[in-house]
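Biologist: Before we discuss the details, could you place the model in view?

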Amino acid sequence: MERLGVRSLYLALGDWQSAPGGSLATRMASALREAIETSVLSSGTVLPAERSMARDLGVSRSTVTAALQLLKADGYLEARHGSGTIVTAGMVPGSEPRRDRSVIDLAESSPGDARALPVVGIDLEALLRSGSASGYTPAGLPSLRRSVADRFTADGLPTDPSQIVITNGAQHALALCFAQFAEPGDCVLLDEPTYPGLIDLLEARGLVPIAVPRHSGAIDGGLLRTLAESSGATLAYLQTLVHNPTGLTGDDDALDRLADSIGDLSLTVVEDVVLADLRFDHRRPSPLAARMMGSSAAGTAAQVIVVGSVSKLGWGGLRIGWLRADVEQVDQMLRSRRADDLGSSIPSQVISTAVLAEFSVLAESRQRTLSRRAALACQFLETSFPTWRFTPPNGGLSIWVELPSSHAAGAVVEAAAAAGVLIATGASSSVTTSGAQHIRICFDRPEPQLREGLQRLARAVDQMTDRWSTVNPS
Ligand SMILES: Cc1ncc(COP(=O)(O)O)c(C=O)c1O
């Protein structure tokens with residue numbers, strides 16, 4: 001392994017500081033990426049220690065850390081225990097990605113591992129300062145509740161920390177909401193397609209889903225209203241800002257219209273904004289809850305509980321999410337929570353507080369990474385599968401693909417799994433038959449892995465099609 005001197009690194013990076021656009025960290029990351037892609041820095045090269053890089057390049061250590069983190073997230077660099085940071089293979093133009101026979105998971109719509117997390121340490125001092133003496137805090141760490149409340153306030157939804165409950169991920173927050181607002185046998189409206197974990201939850205609780213199909217990606221307030229009135233449903237689950245599985249985003253006009261059309265219904269809306277931080281245009285529109293407060297609907301009756309988490313911005317393994325509700329509802333949900341668990345992990349909450357403190361840097365870098373990965377996946381799909389239909393996502397982690405009738409979704413998923421790549425059937429995201437001809441592909445994986453996964457998918461579909469035409473010659 002070649003150990004790079006700082007002088008060679010300096011030469012390899014060129015005049016990176018005066019390159020246009022982005023923070024110092026993103027400019028340093030771009031220069032490093034280019035040096036790797038053009039083989040100026042070859043695979044296996046060990047970079048100098050972060051501290052010496054910072055000193056010799058005349059920038060702060062945090063700039064270097066953030067730049068390296070971006071490239072680790074994309075699979076250009078790898079941290080190896082005892083060796084330092086190493087340039088990894090696979091990104092040289094024209095070269096084949098490494099052939100890794102382990103299964104590639106493009107089915108789970110979440111960061112593939114913890115590399116998007118900023119480098120945050122946790123020590124006894126941090127735990128002592130955390131504000132949780134005994135460690136039992138059913139409502140959550142005060143510092144984290146405040147950070148979450150401040151984020152909602154900044155997004156146009158004034159929030160006091162007492163309105164926040166920190167939970168074990170958003171799934172837990174959704175479970176608390178459904179336990180609070182629905183009885184077995186009740187109807188629940190949901191925008192379709194939807195997040196598969198929600199379908200599991202409805203099934204487990206004996207709730208009856210009523211699909212509100214999205215029209216051109218948007219939630220149709222008029223249809224929601226009609227279905228609420230005809231079914232008598234008093235609970236709805238909506239993904240308003242960025243949608244899993246389609247990756248489509250809600251725009252201001254559509255969200256205002258939705259608030260106006262349902263504001264006067266006796267409806268509790270559970271608004272899932274788990275993917276809200278992942279818009280590729282870097283915008284953060286206000287959630288529906290904020291718009292309902294200012295809705296023109298006479299005597300607004302609908303109430304909105306907002307659910308979020310750090311799982312998609314940072315890592316699902318932290319298992320930290322939250323809900324925002326009125327203080328009375330918070331009290332009731334805490335009462336029912338205490339019967340099941342006594343609060344979320346304090347170390348995870350301390351790390352999540354640190355993640356939110358770095359929110360803008362982290363969100364910007366995640367959004368850039370995701371938008372690059374989405375573009376790569378879309379381009380691959382367009383070239384390799386011209387008959388497959390999808391709308392390129394403008395946020396989120398996945399692409400929702402409609403297959404031609406000649407390709408059964410189940411068969412494609414099975415063939416892909418046999419070839420070593422997992423993708424999800426559309427049926428797992430639908431409560432009607434509308435998803436039967438769809439698949440969901442998650443693109444949030446390091447680029448070499450994503451490329452390899454898509455190539456396996458293409459080979460699997462080619463073989464499937466060849467077998468089909470041998471069995472059914474025209
Ligand atoms: C839309 C949506 N809501 C909720 C969740 C659950 O997130 P968490 O990991 O925070 O429980 C997910 C995870 O995939 C999701 O995509």
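The following exchange concerns a predicted model, taking the ligand shell and then one strand with its neighbours.

Biologist: Which helix gives the largest share of the shell around the ligand?

Modeller: The shell has 16 residues, and Gly169, Ala170, Gln171, Ser309 and Ser311 come nearest to the ligand. Three residues of the shell come from one helix, residues 169-181, and this is the largest share. That helix is α7.

Biologist: How many residues of the shell around the ligand are polar?

Modeller: Four residues of the shell are nonpolar and one is charged. Gly is counted among the polar residues here. The number of polar residues in the shell is 11.

Biologist: Are the two faces of β8 covered or exposed?

Modeller: A residue is taken as buried if 20 or more other C-beta atoms lie within 10 Å of its own. In strand β8, residues 268-272, five of five residues are buried. Thr268, Val270 and Asp272 lie on one side, Val269 and Glu271 on the other, and both faces are covered.

Biologist: Which residue of β8 does Leu238 stand opposite?

Modeller: Strand β7, residues 235-238, pairs with β8 in the parallel sense over four bridges. Within β8, the residue opposite Leu238 is Glu271.

Biologist: What is the handedness of the crossover from β7 to β8?

Modeller: Between β7 and β8 the chain passes through helix α10, residues 252-262. This β-α-β crossover is right-handed.

Biologist: Which residue of β9 stands opposite Val269?

Modeller: Strand β9, residues 303-309, runs parallel to β8 and is joined to β8 by five bridges. The residue of β9 opposite Val269 is Val304.

Definitions and conventions. Residues numbered from 1 in each chain as written. Predicted model: local features only at pLDDT ≥ 70, side-chain atom pairs only at ≥ 80, totals over all residues. Near = placed C-beta within 6 Å. Buried ≥ 20, exposed ≤ 12 C-beta atoms within 10 Å, placed from the backbone. Pairing = 2+ DSSP bridges. Right-handed = clockwise from strand over helix to strand, strands pointing away.
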